[in-house]
Each structure stands twice: as structure tokens, then as C-alpha cells.
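User: Could you take a close look at the internal cavities in this one for me? I'd like to know what lines them and what sits around them.

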Amino acid sequence: MADTSATPGIRAAATAGNGFPTQARVVVIGGGIVGTSVAYHLTERGWRDVVLVERKRLTSGTTWHAAGLVGQLRATYNMSMLARYASELFEDVERRTGLGTGFRRSGSILLATTEGRWEEVKRGASMARLCGLDVELVSATRATEMWPLLDPAEVVGAAFLPGDGVANPTDVTQALAKAARMGGARILEHTTVTGISEQNGRVTGVSTERGDIACEYIVNCTGMWARELGARNDVAIPLHASEHFYLITEPIPGLDPDLPVLRSPDDTAYVRVDTGKLMVGFFEPGAKPWATDGIPADAEFVTLPPDWDHITPFLERAARRVPILGEVGYQLHFNGPESFTPDDRYILGEAPGHRGYFVAAGFNSVGFAGGGGAGRAVADWLVDDHPPMDLWEVDIRRFMPFQRSRRYLYGRTTETLGLLYDMHWPFRQYETSRGVRRSPLHDRLAARNACFGEVGGWERANWYAPPGVEPRYEYSYGRQNWFPYAAEEHRAVREGVGLFDQTSFGKILVQGRDAERALGWICAADIAVEPGRIVYTQWLNDRGGVEADVTVTRLAEDRFLVVTTGTQAVRDMDWLRRNIPSDDHATVTDVTSGETVISVMGPRSRELLASMSDADLSNEALPFGAVREIDLGLGYARAARTTYVGELGWELYVPSEFATHVYDEIVAAGEAFRLRHAGYHALNSLRIEKAYRHWGHDMSDEDTVLESGLGFTVAWDKPGGFVGREAVLQQREAGVSRRLAVLTLDDPEPLMYHNEPIWRDGELVGRITSAMFGHTIGRSIGLGYVRRSDGPVTADWLAAGGFEVEVATRRVPAAASLRAPYDPTNARIRA
Ligand SMILES: Cc1cc2nc3c(=O)[nH]c(=O)nc-3n(C[C@H](O)[C@H](O)[C@H](O)COP(=O)(O)OP(=O)(O)OC[C@H]3O[C@@H](n4cnc5c(N)ncnc54)[C@H](O)[C@@H]3O)c2cc1C
């Protein structure tokens with residue numbers, strides 16, 4: 001929410017006679033690294049009436065026992081950008097407060113002991129450059145020169161990151177707290193928040209054991225307590241505590257105090273110097289969830305019992321890499337709790353449906369390094385009423401409410417801790433807490449040898465194994481085992497007909513007397529069409545950024561169906577509720593579960609459906625962009641003539657109780673047309689050949705609709721205007737110097753995934769946001785933003801440049817274009 005006080009930032013917290021604050025603008029709950037970082041950064045933005053409350057003492061949650069590693073390179077670009085800020089912050093806060101933070105830029109070495117890991121390290125090194133991080137790839141010999149206690153025997157290579165370091169978590173937190181106080185914040189220890197009050201979906205205050213504080217915002221920074229505190233207000237904060245271990249050796253004479261931190265993810269271990277000793281910590285598979293029934297009320301500076309049986313196999317593994325670890329004695333076996341989320345990513349942002357309720361929790365054992373950037377991001381989010389950068393991967397709105405389930409989290413937490421250091425294979429699937437959301441067709445698809453992947457709890461067929469082949473992933477950075485099967489599915493859709501189960505689509509009904517006006521205000525396209533038409537549109541924010549990418553089907557005068565991706569339903573529902581003007585009569589209902597979506601796609605789809613329906617499916621009766629109810633077998637469906645694969649086809653919305661019948665009929669009729677089941681990997685390769693964007697990858701709330709290349713959907717002059725119009729109009733006049741382009745590699749061998757740097761004539765101009773191998777084109781195709789410093793990005797500018805995409809440090813020549821590589825005139829979808 002923008003600062004609306006008469007004298008922004010100057011207001012001081014009101015107090016009762018006993019000095020206890022009775023009012024504040026924002027109450028930050030939790031005095032760990034994250035809470036103090038949020039409080040400090042709020043004061044940096046000029047907010048003075050900030051109160052931080054901590055139930056015990058500062059740092060007494062998880063922060064005090066962090067190992068102090070400050071790593072900057074994370075699994076993704078955005079997370080690395082957040083983590084990068086920590087070292088800058090630690091140095092700065094030390095200067096400001098005069099309190100030491102123990103920060104030392106020791107550098108770090110990231111070892112690879114397998115070819116797969118080496119590929120991952122090289123891909124990470126390419127991404128690091130995008131983030132402005134220094135990184136040097138070194139040989140095993142050089143790594144051993146830098147780290148003489150290392151046995152180089154199996155080391156394939158390593159990355160050296162000179163900017164990484166270590167710091168003292170308690171000292172950093174105290175320094176941030178002091179800096180926050182210097183900025184006007186009040187910090188209250190021994191004050192437990194017992195409740196958060198809300199009125200009409202807005203936070204109004206907090207209750208504590210010492211009194212109530214009226215406030216406009218709260219930030220739940222309570223670490224492993226956050227789920228329980230959230231539950232009191234029905235805010236889903238899916239995280240679970242896990243035991244987490246490190247050991248400290250006895251003093252080792254002559255140990256070099258300046259050794260970099262050593263990370264050996266293949267050994268699930270890291271090693272750092274700690275005042276003349278070595279500390280070795282673990283990210284082992286099969287972690288031990290803790291306190292499933294709730295964090296004990298008196299928990300403070302918690303130390304859990306050691307577990308040598310659990311940790312010894314991993315210590316032995318680490319000792320093969322660093323032999324001295326097997327020779328020395330151990331002074332400390334530390335076991336402390338830390339919270340983990342279902343996808344190993346933080347939970348940040350404003351809770352959907354709870355205005356003013358912010359969350360910054362779930363730090364998956366990288367919260368000490370991550371808390372600096374996360375704290376700043378959340379403070380900016382509060383002050384500006386929007387995230388400062390694309391934070392979708394850590395946004396609280398990505399979670400489905402069911403994910404707060406204790407049992408679900410327990411199972412997943414056994415896996416997520418180890419995944420931090422395990423291989424981050426492309427397409428890697430979770431193995432725990434699966435099978436939660438299944439389409440009515442699930443068992444039938446399983447019987448056809450579907451290999452399922454999970455998204456938002458949904459089990460979705462990613463690919464189908466042929467008879468006799470087990471539907472299991474064999475991961476690598478190259479062509480994985482399913483590659484040829486997905487290629488056949490892809491070809492079947494291009495040349496014949498394929499069937500996709502797209503039931504996981506989020507489906508939102510917007511209805512009411514003013515539904516057209518309300519939705520028209522939110523959509524950039526014109527949705528005031530005749531009933532029976534489908535409109536592709538984006539929802540923009542005030543900055544012109546794309547908040548959602550959806551289709552809107554007008555079902556009746558006063559009824560619209562919004563279809564979005566499965567992961568976005570919560571976010572999109574929230575956006576609708578926030579933006580429907582309050583005096584408009586329009587309601588919003590999530591109807592995802594009511595209909596199964598069977599997509600029949602390909603040049604023979606019309607013939608197939610016509611063979612089992614009396615409906616007229618001709619272009620005249622049912623053109624592209626139209627929707628009609630049609631009979632299918634003995635059942636029926638709403639047939640939507642639309643596509644995400646770029647072929648003639650229909651998405652069939654079937655009431656769930658009819659779903660298996662309609663499916664069986666399609667499959668039976670499909671035999672004559674060699675109907676092939678196709679999965680999400682084929683869907684992805686088909687869509688990328690058409691350069692169809694994917695929200696969350698190829699566009700986000702920080703990419704405008706013009707930058708995304710979707711200006712053609714915008715109804716600039718529709719009556720009543722739309723959210724974001726002014727911003728994009730201005731940009732249209734000024735010209736677009738950053739634009740989504742299609743990059744097709746010349747060499748058919750390398751595979752892009754995302755976050756690969758894009759070079760033009762030797763200059764770094766952007767990065768790939770999503771990619772897949774295009775089986776029709778025969779090359780890897782990526783979408784990515786490119787930036788031009790001296791004018792707009794145009795087709796001519798792209799054609800005039802020599803483009804390369806950096807794949808695992810190798811620059812691969814590529815063609816850059818604004819047009820889709822496949823059927824750029826859309827002839828096939830209108831066939
Ligand atoms: C063994 C171990 C090693 C680690 N090593 C590293 C590392 O090297 N690098 C790294 O980046 N990260 C590391 N971590 C992770 C890091 O410690 C955490 O991610 C981070 O400390 C989380 O900070 P936080 O502020 O979210 O939570 P916490 O520090 O737990 O703070 C939450 C606070 O909220 C308070 N609170 C809870 N409920 C209430 C309430 N109702 N009212 C008021 N206050 C409340 C609690 O008392 C607590 O102090 C490690 C973790 C462990 C366990």
C-alpha cells in the first residue's frame with residue numbers, strides 16, 4: 001500500500017502510559033535475521049512507526065545457530081539476485097552501527113565430482129555472470145591448491161566464488177536491530193504475539209501478552225512458528241521444521257584461517273573454518289522433520305539431541321573428500337531446527353485475501369544469507385504495494401491452501417532438506433507427498449503408462465512410456481530417457497491428433513450484473529464480446545506489468561469463465577478480488593474442480609470429434625476463438641476452439657461426472673485416427689515453437705505487455721479504459737528497448753532450460769526465460785528478454801546482430817527473431 005499518511009514516515013509509534021506502544025504502522029513479528037532485516041529496511045524507506053516484537057530474545061529462534069555461510073549463487077537468477085545483496089548489507093550495517101558482524105569475504109569453492117554436477121556448476125557459472133557475480137571455473141589441481149586438505153581424486157572441476165563469505169548470525173542480527181532502532185523502530189523482546197485482528201479482510205492490529213497494538217500491517221517473520229501463527233487467521237504458510245546438523249572438530253593445529261568455504265554437494269556436505277577448527281554441515285537425504293504437533297511453547301535457543309547414527313554415513317562420505325574429517329575428534333555435534341517449505345523456496349509477500357498481512361518465512365536453511373535481501377524485498381513490497389522485482393517463485397500466492405496440511409508437509413520435509421544439495425536436474429520431480437490432486441482421468445492415463453509430474457499438488461501426465469518401458473525419469477542435463485517418446489507425441493499433434501488432459505487449469509467464474517464492466521477494467525483486451533467467444537488477455541498492474549495471462553470466455557451476458565494455469569488460481573482469484581471496483585456487482589468463484597479438460601489437438605482433431613458428435617464443427621459454425629456446447633458420445637462438453645500448441649483443436653470442458661465416459665468415447669473413436677496421448681513435455685515443446693508465452697517464466701509483473709510482445713491483445717481505446725493503460729501508453733510512445741525474442745540455436749545438440757545468458761555481437765543483452773527442444777524445428781528454442789541500449793528492439797535490430805546463447809559457459813550461435821519459428825501466420829490454427 002502506498003504511503004498515504006500526511007507526513008510520510010515521520011509518525012512515531014503511539015505509546016501507553018507504561019511505554020508499551022498502542023499503535024504503529026507496522027508490527028514485525030519475530031526477532032531473527034529476517035524480522036530485524038525487514039524492520040531495518042522499513043526504516044531505510046522512511047517508515048518510522050515500526051515495532052518489532054520478539055517472544056523471547058533476539059536470535060533465539062533459528063538464527064543463533066546458523067553456520068554463518070553467505071553464499072550468493074542460488075538455483076535461479078532471481079534468487080541469486082536476492083542473495084547477492086547480503087554481503088553488501090553486512091558490510092554496510094557494520095559501518096553504520098559500529099557493531100561487528102564477523103563478515104569475512106573468504107570466497108567459496110563449489111566442487112563437482114560427477115559429470116552431471118560439473119554441467120550444473122558450469123550452467124550455474126553462466127548464470128552467475130548474469131547476476132554480476134564473480135565466478136571462476138577451476139581444475140581439481142587448482143581447487144586443491146586453494147584448499148590443501150581436499151583429496152582431489154574424484155574432483156571433476158570446481159567453481160570459485162570470491163565474493164562469498166561467512167559472518168556471525170547473532171552479531172549480524174544485533175547490528176540490524178541497532179540499525180533499525182537508529183532508524184526509529186522500536187524493538188520489544190519478551191513479547192509474544194497471541195493474535196492478529198482483521199476487519200473486512202484487512203489487518204487492524206496485534207494482541208500480545210503485554211497489550212494490544214493497533215496497526216495497518218504485520219509481517220509474520222516467525223520462522224518455524226509461522227505456520228501456526230498463520231493458521232490463527234486462516235493464512236496458509238506451508239512450512240515444517242526439520243532437524244539440521246553440523247559438527248565442529250577439535251582444534252586443528254596449523255589450520256589456515258583464510259580457507260574459503262568448501263561446498264561438496266555430491267557429498268551432501270559443506271566445510272568451513274571456525275576459529276582453528278573445521279565445521280562440517282550436512283544436507284543429507286532422508287531428513288528428520290521435527291515438532292509436527294507444534295513448536296514447544298517455551299522453545300528458545302533450541303538444541304536437539306545429537307544423532308550419530310543418522311549423520312555418520314554422511315560424515316564418512318565427507319571424510320573421503322576431506323580426509324582430515326575422518327582423523328580428528330569432534331567437539332560439538334550440533335542439531336538445530338530450521339523450517340522447510342514444500343518447494344525449498346522462501347515464502348514472501350502479502351497473504352491472499354488478507355490485506356496488510358505480510359509473510360517472510362520458510363528459509364530452508366539459507367535464511368541467514370537470504371534474510372538480508374528478503375527483508376529488503378518485503379519492506380519495499382510493503383511501502384510500494386508491489387514486489388520490487390519478479391518474486392513469483394517465492395510468492396506466498398503460489399501455494400494452494402491444502403499445502404498447509406501437517407501430514408503433507410511432514411512427508412515433503414523428509415525430502416526437501418536434502419534437495420538443497422542434490423542435483424537440480426531439469427524436470428526433477430518430488431517423490432514425497434504425491435498423488436494429492438488427480439484428475440478423474442488419472443487412473444486411465446496411468447494405465448496408459450503415463451509418467452506424472454506434480455504442479456500445485458496436481459498429478460499431470462508429463463509423458464507416456466511405450467509398452468514395456470517403465471514410466472520413470474532418468475535425469476540428466478542432456479536428452480533424458482523420455483525425449484524420444486515426447487518427440488513422437490509432439491509429431492502426432494503436428495501431423496495427426498493428440499489428447500492432453502489439462503484438467504489442472506485454474507477455472508474462475510466471474511458473474512453478476514456488472515461482470516462485464518468489472519472484468520473489462522481488469523483485462524487489457526476487450527472482453528465485451530458476444531456470449532460464446534473466447535478472448536486471450538493479460539491483466540496489467542499500474543506499471544503495465546503482466547499480473548496474469550488468461551483466456552476469458554463469455555458464457556452469458558452476465559457470466560465469464562477465466563481460465564488460467566493450475567499454479568496461478570490463488571493469485572488470480574486474489575487479483576480479481578482486489579481489483580473489481582467495490583461498487584460493481586460481480587462475484588468470483590473458483591470452479592476448478594467442476595470440469596475436466598480434455599484437449600484434442602492436431603490437424604485430424606475435427607474429423608475425430610465429428611465422428612462422435614452431431615455438432616457442426618466447421619470453421620463457419622465454430623471458428624477459432626468460439627465456444628459451443630457439443631454432444632460427445634452420450635455425454636457433452638463445452639468445446640472451446642483454442643490452442644496452446646498451435647494446431648487446429650478444441651479444449652473440451654466436461655462436467656466431471658461425464659469425464660470418464662467422454663474420454664472413453666474419444667479414445668475409442670480415436671483409434672481410427674491413431675489418436676496419441678500426449679503429455680506436458682510435448683505441450684511445452686509445441687508451445688515454444690509457436691512462441692506462446694508462459695506466465696511465471698516469460699512474463700511477470702515486472703515485464704510489461706509490450707515488452708512481452710503481446711501488445712496485439714490490448715484494446716487501447718475501449719470504453720472505460722483498463723488497469724495499466726497509462727503506463728503502457730507511455731511506453732508505446734517512448735519505444736520498447738527491452739523485448740521478448742525467440743532464440744533458436746544453430747547447433748541441434750545443446751539444450752537450453754532457462755537463465756542462459758544471451759549475447760549480441762559479444763555484448764551481454766539478456767537471458768533465456770524458458771526453453772525446450774522443438775521437435776518440428778529440430779533445434780532448442782528459447783524465449784528470452786533482450787535489451788538494447790540505443791533504441792527500440794526491432795526485428796531489424798535482431799536480424800542485424802550476431803546472437804549467441806551461453807549454455808554451460810559455451811556460447812552457441814543462435815538466430816533471434818520476434819516471430820514464432822513454427823507457423824508464424826497462424827494458418828494452421830484457423831484451418
Ligand atoms: C544448523 C543450521 C545451520 C544453518 N546454517 C546456515 C547458513 O550457514 N547460512 C544460511 O544462510 N542459513 C543457515 N541456516 C538457516 C538460518 O539459520 C535460518 O534460515 C534463519 O535463521 C531463519 O531466520 P528467521 O528470522 O526466519 O527465523 P528465526 O531466527 O527462527 O526467528 C523467528 C523468531 O520469531 C519469534 N517468534 C515466533 N513466534 C512469535 C510470536 N508469536 N510472537 C513474537 N515472536 C515470535 C521466535 O522466537 C524467533 O526468534 C542454518 C540453520 C540451521 C538450523
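Analyst: Sure, and keep in mind that this is a predicted model. Let's begin with the main contributor: strand E37, residues 763–774, puts 3 residues into the wall of the largest cavity, and no other element gives more. The space inside that cavity comes to about 110 Å³. Its lining counts 15 residues, and those closest to the centre are Phe427, Trp482, Phe483, Leu751 and Met772. Sorted by class, this wall has 9 nonpolar residues, 5 polar ones and 1 charged one.

Now look at the rings in that list. Phe427, Trp482 and Phe483 also belong to an aromatic cluster, where ring pairs tie them together with Trp425, Tyr477, Tyr753 and Phe773. Phe773 falls within the span of E37, 763–774, and so does Met772, one of the residues closest to the cavity centre. Over the whole structure, the tally of aromatic pairs is 26.

On to the runner-up. The second largest cavity holds about 80 Å³, and E23 has the largest share of its lining, with 4 residues. Going by its range, 458–464, you can pick those out as Trp458, Glu459, Arg460 and Ala461. Helix H10, residues 442–447, also supplies at least two residues; His442 and Leu445 are the lining residues that fit its range. The rest of the wall is made by Ser439, Phe452, Asp501, Thr503, Ser504 and Tyr680. By class, this lining splits into 5 nonpolar, 4 polar and 3 charged residues, with Glu459, Arg460 and Asp501 being the charged ones.

These two come from a search of the whole structure, which turns up 5 cavities of 30 Å³ or more.

For the wider setting, the protein has 18 helices and 40 strands. Its C-alpha atoms fill a box of roughly 80 × 70 × 55 Å along the principal axes, and 63% of the 831 residues are buried. The radius of gyration is 27 Å, which agrees with a compact globule, because a chain of 831 residues packed that way would come out near 28 Å.

Since you asked about surroundings, here are two ring contacts of another kind to look up. The charged end of Arg25 sits over the ring of Trp47, 4.1 Å from its centre. Arg738 does likewise with Tyr785, lying over the face at 4.1 Å from the ring centre.

Technical notes:
Residues numbered from 1 in each chain as written. Predicted model: local features only at pLDDT ≥ 70, side-chain atom pairs only at ≥ 80, totals over all residues. Heavy atoms only, no water. 1 Å grid on protein atoms, 1.4 Å probe; cavity = no way out; pocket = protein on both sides within 12 Å on 5 of 7 lines; lining within 4 Å. Points joined across faces, edges and corners; volume = space filled by probe spheres on them. Phe/Tyr/Trp six-rings, centres within 6.5 Å; stacked < 30°, edge-to-face > 60°. Lys NZ or Arg CZ within 6 Å of the ring centre and 35° of its normal. Rg over C-alpha atoms; globule rule 2.2 N^0.38 Å. Buried < 20%, exposed > 50% of the residue type's maximum accessible area, 1.4 Å probe, protein only.
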